[in-house]
Amino acid sequence: MTEQIDKALAREYEAGFVSDVESETFEPGLDESVIQRISEMKGEPEWMLEWRLSAFREWLEMEEPDWALVDYPKIDFQAISYYSAPKSMKDKPKSLDEVDPELLRTYEKLGIPLIEQQMLAGIAVDAVFDSVSVVTTFRDKLEEAGVIFCPISEAIKKHPELVKKYLGSVVAKKDNYYSALNCAVFTDGSFVYIPKGTRCPMELSTYFRINEQNTGQFERTLIIADEGSHVSYLEGCTAPQRDENQLHAAVVELVAMDNAEIKYSTVQNWYPGDENGKGGIYNFVTKRGICHTSAKISWTQVETGSAVTWKYPSCILKGDNSVGEFYSVALTRGRQQADTGTKMIHIGKNTKSTIITKGISAGKSNNSYRGLVRMNPGADGARNFTQCDSLLIGDQCGAHTFPYVESRNPSAIIEHEATTSKVSDEQMFLCRQRGLDPEKAVSMIVNGFCKEVFKELPMEFAVEAGKLLEISLEGSVG
Amino acid sequence: MSNAKNLLTIKDLHASVEEKQIIKGLNLDIKPGEVHAIMGPNGAGKSTLGYVLSGRDGYTVDSGAVTLDGKNLFEMETEERARAGLFLAFQYPVEIPGVSNLEFLKASVDAQREARGEDAITSADFLKEAKAACKQVNLPIAFLKRGVNEGFSGGEKKRNELMQMLLLKPKLCILDETDSGLDIDALQVVAEGVNSQRSADRSFIVVTHYQRLLDYIKPDFVHVLSDGKIVKSGDASLAHELEAQGYAWLQKEPAEDELEG
Amino acid sequence: MSEWLESAITRAQGINDWLLPKRANAIELLSNTKWPTRKAEAWRYTPLRSVERSVAKAINDVVGLSPVDITDLSAIELVFVNGKFDATQLTKVLPKGLSISLGKNLDSAQQKGALETFSSIKPERHLFGLVNDALAQDVVVVTVADGVDIAEPIRISSLLSQGGESHTRVQVTLGDGSRLAVIEDVQAQGDSLNTAFVEYHVASNAQLEHYRFALQTGSNISIGGSHFNLLDRAKMHSTIVAFGSDLSRLDTDIIHAGEFADAKLNAMYLLDGKELFDLHATVEHAMPNGTTEENVRCIAADRSRAVFNGRIHIHRDAQKTLAELNNRNLLMSNTAEINTKPELEIYADDVRCAHGATVAQIDKQALYYLQTRGISRSKAQVMLNFGFINELIDLMPNAALAEWVRPIIRERFSQMEVK
């Protein structure tokens with residue numbers, strides 16, 4: 001039985017190809033001059049450089065965190081290249097026609113056609129390739145609605161007042177080791193501003209691709225939903241199959257003003273490394289949103305990739321009646337390690353948070369939920385519900401739950417539950433007795449286990465996530 | 001009828017669970033369209049037979065041969081046996097949280113159609129069939145959307161098994177103590193469902209402890225299973241005999257056993 | 001390193017007795033230990049400032065302290081006064097099969113055995129466990145012979161005078177198939193500091209009934225632990241009842257070192273004023289087929305702080321484990337604080353493990369219901385609080401102890417300020 005499951009889990013990583021694109025890549029190494037060069041390449045104003053340098057100085061004083069249940073060799077930050085961009089991007093193509101066809105082909109191969117006619121009508125895409133944004137689609141249509149959706153490097157120049165006000169306002173520069181590093185060296189990412197009372201006319205999406213060897217990807221995303229606005233944002237990521245580990249340290253900040261709503265969905269499929277743990281992405285990500293009065297932020301993530309994941313999308317529920325949600329599916333196999341979860345900080349009155357997580361461990365992987373729910377003294381009538389379920393496939397993996405529950409308000413109610421289970425022999429037998437092969441049976445049972453989370457994803461993503469899980473589980477059954 | 005080819009042939013079957021032999025030399029021939037009841041005391045090996053035939057892990061065949069439609073059953077995986085037309089209605093139906101009944105049924109039907117080289121049924125057509133089946137077994141349509149057996153009552157689970165049978169249209173149905181835990185009304189619904197499926201090319205093995213079910217599903221043959229083999233066979237009247245006598249006489253006739261051996 | 005720890009190490013270095021090898025090991029470990037700050041996970045919510053500031057000193061006076069009298073409780077009394085074992089209070093003739101003696105009085109063969117078991121169950125990660133290893137001198141060794149059922153419970157009392165510092169240590173071994181009940185109790189007067197650790201080795205088929213009372217309050221600092229090693233089919237049932245003090249910390253470790261062992265732990269703590277209580281309960285399922293059930297309930301009022309860490313660790317080989325932890329907390333004021341962290345760490349797939357934690361206030365509907373029947377709000381609150389805890393008291397196997405502790409708890413509730 002376990003043997004079958006393991007077989008079903010051995011999978012091909014379909015996004016593992018390398019694009020043949022001539023790139024301009026910095027020599028490995030990190031010091032102030034590298035940061036100056038990044039800033040120069042981006043044509044940034046002086047204040048931005050200063051901001052980066054101050055973060056860099058903070059970072060130098062900080063220590064790498066060691067509290068997560070992950071184990072990886074020490075990262076040599078001097079062996080990483082901090083900037084890489086296709087040469088063809090240097091002249092800043094004005095339209096899709098001018099973009100290197102190889103780049104367009106890369107995204108097409110990944111199932112993200114960038115030619116607008118071929119695209120899913122309802123989704124605008126910002127495609128980030130290594131350190132630069134290749135193209136952002138449907139911009140005109142979005143501009144009509146007053147929505148700004150552009151690479152953050154562009155926003156720094158065109159909308160400095162917004163960037164200055166909000167960049168680093170949710171995740172402080174020295175919040176943690178990787179966020180400080182990101183502040184110093186981030187290269188690109190997406191910027192979104194939804195004006196007051198506006199419902200974004202389409203789903204926004206950023207697709208991150210690491211291509212170049214030995215580079216780190218440090219993207220930065222900032223989403224501001226002004227009063228009463230609404231936006232749904234999707235994020236996807238892949239990288240080629242390589243024997244070396246690569247670092248991805250992103251920071252995402254969300255600002256939901258009064259009555260605004262941000263729905264942020266991620267399907268993370270970075271290269272996870274091979275069966276023996278060789279290669280793969282180190283995914284060290286800081287994601288946090290702040291909710292003002294009656295605002296809502298909902299994080300949904302499907303994590304199937306990366307060799308090591310360290311990620312806690314969080315909500316600061318500052319305004320009264322604000323709502324935070326976290327829905328997560330994390331699948332680990334081979335030698336993958338995931339330490340992921342959320343923080344819900346209840347500050348305002350009658351704030352509500354919901355946490356639903358589904359961890360699936362297979363192979364020799366380790367999968368941990370780590371979360372914090374904090375009720376501050378002012379959080380009268382606040383409410384949290386947390387449900388963490390783990391599914392173990394095979395007896396060589398680990399599933400762990402580390403919830404921190406802190407309450408300082410007697411009228412707040414916190415409920416936390418965690419369970420663990422396995423794909424039972426009875427379930428497998430029933431499915432097979434009805435004619436299903438073991439692979440199909442496992443993927444069906446696992447999909448059922450994840451259903452509560454999948455139903456939170458936008459339609460297109462739900463399908464993709466289901467498929468991703470199926471691919472992940474292929475050959476893993478016995 | 002006796003000239004027809006056997007659908008199922010069991011020859012001198014010996015099988016074990018956790019190294020303990022449970023089936024000890026069982027012989028049985030079933031022709032298309034026949035209904036065979038297997039009765040016997042607890043621990044006789046009634047449920048084990050269903051698990052061995054359907055290929056459940058942990059149930060080991062020690063010796064003997066079984067063919068279904070002339071094919072060696074033991075060369076097939078569990079799902080291949082199902083696709084070859086073998087259906088087991090579980091005594092204790094399994095819950096699969098989050099997987100809807102409809103999704104599960106569609107996947108099963110698709111897998112079996114595919115194995116037969118047929119095209120997948122369209123979702124709309126399938127839904128129509130599933131709704132009809134639901135109605136036939138007296139389950140609310142809403143049950144199609146619910147997780148497989150999740151939170152179903154005992155009777156609902158049994159009816160859900162029957163619904164699966166209606167949709168999968170197997171050649172051989174093994175009903176494993178389908179009557180256990182059912183009240184008389186539920187029993188009738190289940191029996192009617194089974195009877196509606198009786199046809200010249202579908203056979204049944206009805207495993208039961210009590211004669212009660214056989215008042216509703218009239219068997220062509222009744223076999224008494226004791227200590228892993230069939231010790232007595234007869235027609236439907238044997239069931240009534242058993243009802244009157246109980247199973248105690250089985251233990252009292254060791255001599256006969258020895259003679260047979 | 002803190003001055004307090006440095007002084008402890010210096011004092012320990014001056015002791016030379018049969019425990020020397022173990023003491024030397026503890027001193028070595030302590031010398032390499034960083035004094036925990038908030039960043040140390042084990043002390044995240046429990047600051048050690050009060051220990052750093054403590055001026056408690058060892059006191060040699062043993063006169064005038066004796067364990068509290070409990071109606072209907074007839075126990076074999078094992079009394080430490082200011083850290084010294086007071087043999088005069090052990091008046092009972094010991095039943096056959098039970099031996100109690102000071103480690104230093106054992107013959108050399110027995111001492112060798114005792115030395116091997118000393119600190120073999122209590123994990124090294126407990127900082128104050130190491131302090132106790134280094135500073136405990138009157139180590140008492142209790143042994144129950146195979147198959148013997150000891151009818152009377154043993155009560156281990158650690159009694160402290162005002163300003164006193166003590167480090168008490170007992171090791172208890174239950175032979176195959178034996179039965180024993182042990183009550184651990186600390187009674188301390190103000191400004192005192194103590195560490196009290198007991199290690200239990202529960203052999204195959206043996207049954208241990210265990211109680212730990214930490215009802216000392218005020219400016220006392222108590223850090224202690226009860227650590228259990230369970231062999232095949234061993235059973236334990238433990239009850240912890242605690243109030244808080246300036247610093248009251250308890251570590252328990254239950255190790256399923258044999259198959260089919262069964263552990264039950266019911267803990268309750270009721271905090272008032274500025275009290276702090278911190279329970280760290282770890283269960284290690286190292287072998288298959290074990291069962292664990294934990295119920296932990298807390299009520300925190302006024303400006304108190306409650307800390308709970310409940311870790312269940314299922315090792316790779318511990319298939320077929322059933323382990324459950326249920327943690328319920330009532331927060332009575334918005335200046336009090338509850339911090340709870342149930343943890344599961346699971347490396348075996350065929351197991352059933354779950355934990356649940358809730359933090360809430362008293363059920364308002366129940367409160368209202370009682371009020372409509374004419375009961376005053378404050379009385380109703382006491383009743384409901386008491387009921388919440390009494391569910392666990394009812395599970396105490398020893399009726400005399402339950403009868404003794406019930407009015408004490410009721411009294412505490414009636415003093416809690418209702419807001």
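Two strands pair if DSSP finds at least two bridges between them. Helices (H or I, at least four residues) and strands (E, at least two) are DSSP runs, numbered from the N terminus. This is a predicted model: local features need pLDDT of at least 70, side-chain atom pairs count only at pLDDT 80 or more, and totals for chains, interfaces and linings use all residues. Residues are numbered from 1 along each chain as its sequence is written, while chains are lettered from A and ligands numbered from 1 in the order in which they are written.

**View 1. An open sheet of four strands in chain B.**
Read across the sheet, the strand order is β2-β1-β4-β5. The pairing is antiparallel. Strands β2 (20-30) and β5 (71-72) of chain B form the edges. Each of these edge strands pairs on one side only. Look next at β4 (residues 59-68) of chain B, which pairs with β5(B) over two bridges. These two strands are antiparallel. To find the pairing, start at B:T67: its opposite residue in β5(B) is B:N72.

**View 2. Helix α4 of chain B, residues 123-136.**
This helix has 14 residues. From its first C-alpha to its last, α4(B) reaches 20 Å. That is close to the 20 Å expected at 1.5 Å a residue (the expected span is 1.5 Å times one less than the number of residues). Which residues of α4(B) are buried? They are B:A130, B:A133 and B:C134. These residues lie on the same side of α4(B), because they cover an arc of only 100° around the axis (an arc of the directions from the helix axis to the C-beta atoms). A residue is buried if 20 or more other C-beta atoms lie within 10 Å of its own, exposed if 12 or fewer, and partly exposed in between, with C-beta atoms placed from the backbone. An α-helix has 3.6 residues a turn, so residues three or four places apart point the same way. The other side of α4(B) holds exposed residues: B:A124, B:D125, B:K128, B:A132 and B:K135. The cover over the buried residues includes α3 (101-115) and α5 (154-168) of chain B. Just after the helix comes B:N138, with a positive phi of about 70°.

**View 3. Strand β13 of chain A and its parallel partners.**
How many residues of β13(A) are buried? The count is 12 of the 12, so this strand is largely enclosed by the rest of the structure. Strand β10 (residues 245-248) of chain A runs parallel to β13(A), joined by four bridges. Here A:N245 faces A:G280. Strand β11 (residues 251-256) of chain A also pairs in the parallel sense with β13(A), over six bridges. Its A:V255 has A:I290 as bridge partner. Strand β15 (residues 308-311) of chain A adds four bridges, again parallel. In that pairing A:Y282 stands opposite A:V308. Strand β16 (residues 314-317) of chain A is parallel to β13(A) and joined by four bridges. There, A:G289 stands opposite A:C315.

**View 4. Two loop residues with a positive phi, A:S294 and C:N82.**
Most residues other than glycine have a negative phi, and most peptide bonds are trans. A:S294 is not a glycine, yet its phi is positive, about 55°. Find A:S294 in the loop between β13 (280-291) and β14 (296-303) of chain A. Buried or exposed: which is A:S294? It counts as buried, because it has 21 C-beta neighbours inside 10 Å. Now turn to chain C. C:N82 is not a glycine either, and its phi is positive, about 45°. This residue lies in the loop between β1 (76-81) and β2 (84-85) of chain C. C:N82 has 24 C-beta neighbours inside 10 Å, so it counts as buried.

**View 5. The contact between chain A and chain C.**
Each chain's share can be counted: 30 residues come from chain A and 30 residues from chain C. Residues are in contact if their C-beta atoms, placed from the backbone, lie within 7 Å. On the chain A side, the elements giving two or more residues are β21 (383-393), β22 (398-407) and β23 (413-422). Which of them gives the most? It is β22(A), with 10 residues. The chain A side divides into 13 nonpolar, 11 polar and six charged residues. (Ala, Val, Leu, Ile, Met, Phe, Trp, Tyr, Cys and Pro count as nonpolar, Asp, Glu, Lys and Arg as charged, and the others, Gly among them, as polar.) Strand pairing also crosses from chain to chain: seven bridges join β23(A) to β19 (residues 352-360) of chain C. These strands run antiparallel. In this pairing, A:T419 stands opposite C:A354. The predictor gives the complex an ipTM of 0.91 and a pTM of 0.87. Chain C averages a pLDDT of 93, and 99% of its residues score at least 70 (pLDDT is the predictor's confidence in each residue, from 0 to 100).

Terms used:
Contact = placed C-beta atoms within 7 Å.
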